[in-house]
Amino acid sequence: MKNLLAFSPEVAAAREAGRPIVALESTLIAHGLPRPRNLETARALEDTVREAGAVPATIAVMGGRIRIGLDADQLEQIASGEAVIKVSRRDLPACLAQERLGATTVAGTMIAAHLAGIRVFATGGIGGVHRGAERDFDVSADLEELARSPVAVVCAGAKSILDLSKTLEVLETKGVPVCGWRTDEFPAFYCRSSGLSVPHRCDDVETLARGLDIQRRLGFAGGTLVVNPIDEEAALPEELMEAAIHDALAVAASAGIGGKDVTPFLLARIVELTGGQSVDANVALVLSNARLAAEIALALAELETARAQMAAR
Ligand code: PSU
Ligand code: MN
């Protein structure tokens, strides 16, 4: 395993010192946001985690290794590379074997975070069950990974390019704890509400950290999904987003877009249709998720320190 993982000096030092670390994904940078906002956002995400007192670990695949923490040059490669592969679970072995440049999805990043011993991960939105999945079976591997890898994923719910109700059903079937951060509703990425309720609500990071700790002590295999609604000031009108999403879905269908290209295609189309608006909202919500993830990582570290002190007595 050792030579498949490569830690940046910052992350290696944090591991050594037992400091809280927050994983960040790279598909969002390579395929989810337009240039040059993508690189600016990647940097801002790392700074936000640092300001909150944790250490950021942006994850990507490079030169036959899974990089846990990227330097400035590597971050730029992910943001501006021409042929960056989108790496989910099924893509990891080939991307590593071929020594290609890969950006990890939520699923890919969860796998890497778990291998690196990182418990908390911040992103924008997760993949889920696509609208019409009863016909084409398009269900993101992110859901399966949430059931497998013990990592807490902080997100703003999912875009309604997906069928959010079916997405919640699959999460329930797979036994993935879904926790609403100061909300009773599953957020719809650009919008604070979806009309769908979350099974559990949490209002403080200490309780959240306790839940994560208990999940581990119970021996549960999977992760937890923490859903953090976009800030009121940054949220976009539902009608605007529904219209853009409808248009994007229609174009994708008539262009015959399929497989792993569906999500990046829809994301790019929505950016075109809403102009900078959707990008501003997207950036605001990921930054907010990074802040919350750092607070959770800190609370988890405190809880573990307290337990170790108790045990030593
Ligand atoms: N949803 C977004 N922005 C994103 C993604 C999803 O609003 O950038 C990315 C994430 O990396 C997620 C991936 O893990 O798309 C899901 O892709 P798919 O639907 O092909 O599994
Ligand atoms: Mn898919």
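A polar contact is a pair of N or O atoms within 3.5 Å; within protein, one must be able to donate a hydrogen and the other to accept it, and residues adjacent in sequence count only if both atoms are side-chain atoms. In this predicted model, local features need pLDDT of at least 70 and side-chain atom pairs count only at pLDDT 80 or more, while totals for chains, interfaces and linings use all residues. Residues are numbered from 1 along each chain as its sequence is written, chains are lettered from A and ligands numbered from 1 in the order in which they are written, and side-chain values use heavy atoms, without hydrogens and water.

Ligand 1 is a good place to start. An oxygen atom of ligand 1 lies 2.7 Å from a side-chain N or O atom of T263; a distance of 2.7 Å is also found for the side chain of S140 and for that of E25. Of the 480 Å² of accessible area that ligand 1 has on its own, the protein covers 92% (Shrake-Rupley method, 1.4 Å probe; for residues, only the protein chains shown count as cover). Ligand 1 is surrounded by 16 residues, the closest being K86, S140, D142, K159 and T263 (a residue is near if one of its heavy atoms lies within 4 Å).

Two loops deserve a look. P36, in the loop between helix 2 (27-32) and helix 3 (37-51), is joined to R35 by a cis peptide bond with omega about 0 degrees. Helices (H or I, at least four residues) and strands (E, at least two) are DSSP runs, numbered from the N terminus. E99, in the loop between helix 5 (92-97) and strand 6 (102-104), has a positive phi near 55 degrees, although E99 is not glycine.
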